[in-house]
Amino acid sequence: MSQHHVVIGAGPVGRHVAALLAERGDRVTVATRSGRDTGLEAVGHVALDASDADALTRATEGATVLYNCANPGNYTQWEQTWPPLAASLLTAAERTGAVYAITGNLYPYGPVDGPMRPDLPDAATDHKGVLRARLWADALAAHDAGRLRAVEVRASDYVGRGIGENGHITRVLPAALQGKAVSMIGRTDLPHTFTDVLDVARMLVAAAEDPSAHGRTWMVPSNAPRSQQQALTEVLAAAGKPPVTVRRLPAGMLRAMGLVSPMMREIAQMSYQWTAPYVVDDAETRAHFGIEPTPWDEVCRRTAAGV
C-alpha cells in the first residue's frame, strides 16, 4: 500500500530522499518556500513556509513521515531561522502523528578526542552546535513524553551528487578538474570522514521506518576516513584527472578574515573539524540496520559526475 511522505527541503538530502521514496511507488510531496520543481518524476511540490505550523500541519495531514531535510545555508541567520522552523516541525508531527525524521550533523558533539559515536554527549562549544543540540533535545523530549515519534541521523561532510558549494570537496572540485591549485581549510593530511549524500537519504528513510530506532540518534554509515587531499585526489582520478596542488588555509587566517566577514567568522568557529582527526564510528548503525556505505569508488564517480 502506497504511503504519503512529506519532505521539507529540496537540497541534496531532500532530493535523494524524495527520489528513493518515489522509486518504490510511494506518494511524496517536497515542500520549499518557492515550490520549485525538483525535476523528479512522480513527486509533488508545494510552496510552503515550513515555519508556519498551521500550513505545515495541513500539508502533513495523512503523511506517514515528515522528513526534516532543511539546511539554512547562511550560518549568520541560524539563530533566527532554526528555532521557529524546528518548533513548527515538532508541532506538525505532534498534530498529525507523522514520524519526525531529522537530518542532523556532527556539530552538537563539538571538538572531540577520538571517533564520534551516538553515545557521546552533545558538548558543542560554538553557538551553531549548541543550537543543533538543543533542537534534537527538544525533539527527544517530545518523543520521550509520548507526544510524537522522532529520530535523527547524523553524518559527516557530504560527498556525492548535488553538493556544490556546501561540500569541502565539491567546493574546490570545479577548479581542480581544470588542473588549478586549490585551497582547503586547516590540515589537509588528517583522517576525516566523508559521507555520501545518497547514504544519508538511505539511512534517514530506514531510521524513520524502524520503530525500534526511534528516540535516539544514529550515525550514517560512511567509508573509511581519508584526508582532504586524498579524497580530492581520488575524486579527480575517478574523472580521469591528475592530482592538483592543494594549499592549506590555516584556521588563524579564517579567524582573521572573520574580523570583517560574519560568514567567515562562523566558519572559523568550526575549524576544529580540520585541525585534528575527525572520524565517525558507525559500527552500531551497521549492526542494527545491516546498511553498508556506497563503495568509495562509486562515491568518487558520482561526486565527479555531479559537478
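Trainee: At about what angle to β2 does helix α1 run?

Mentor: This is a predicted model, where local features need pLDDT of at least 70, side-chain atom pairs count only at pLDDT 80 or more, and totals for chains, interfaces and linings use all residues. Residues are numbered from 1 along each chain as its sequence is written, and side-chain values use heavy atoms, without hydrogens and water. Helix α1 (residues 12–23) lies across β1, β2 (27–32), β3, β4 and β5. Angles run from 0 to 180 degrees between N-to-C directions, with axes fitted to C-alpha atoms, for helices over the stretch in contact (heavy atoms within 4.5 Å); for α1 and β2 the value is about 165 degrees.

Trainee: Which are the edge strands of the open sheet?

Mentor: Helices (H or I, at least four residues) and strands (E, at least two) are DSSP runs, numbered from the N terminus. Two strands pair if DSSP finds at least two bridges between them. The seven strands have the order β3-β2-β1-β4-β5-β6-β10, with parallel pairing. Two of them pair on one side only: β3 (43–47) and β10.

Trainee: Which residue in β4 stands opposite Val 6?

Mentor: Strand β1 (residues 4–8) runs parallel to β4 (residues 65–68), and four bridges join them. Opposite Val 6 stands Leu 66.

Trainee: How far does helix α4 reach from its first C-alpha to its last?

Mentor: Helix α4 (residues 127–144) has 18 residues. The expected span is 1.5 Å times one less than the number of residues. For α4 that is 26 Å, and the helix comes close to it, at 25 Å.
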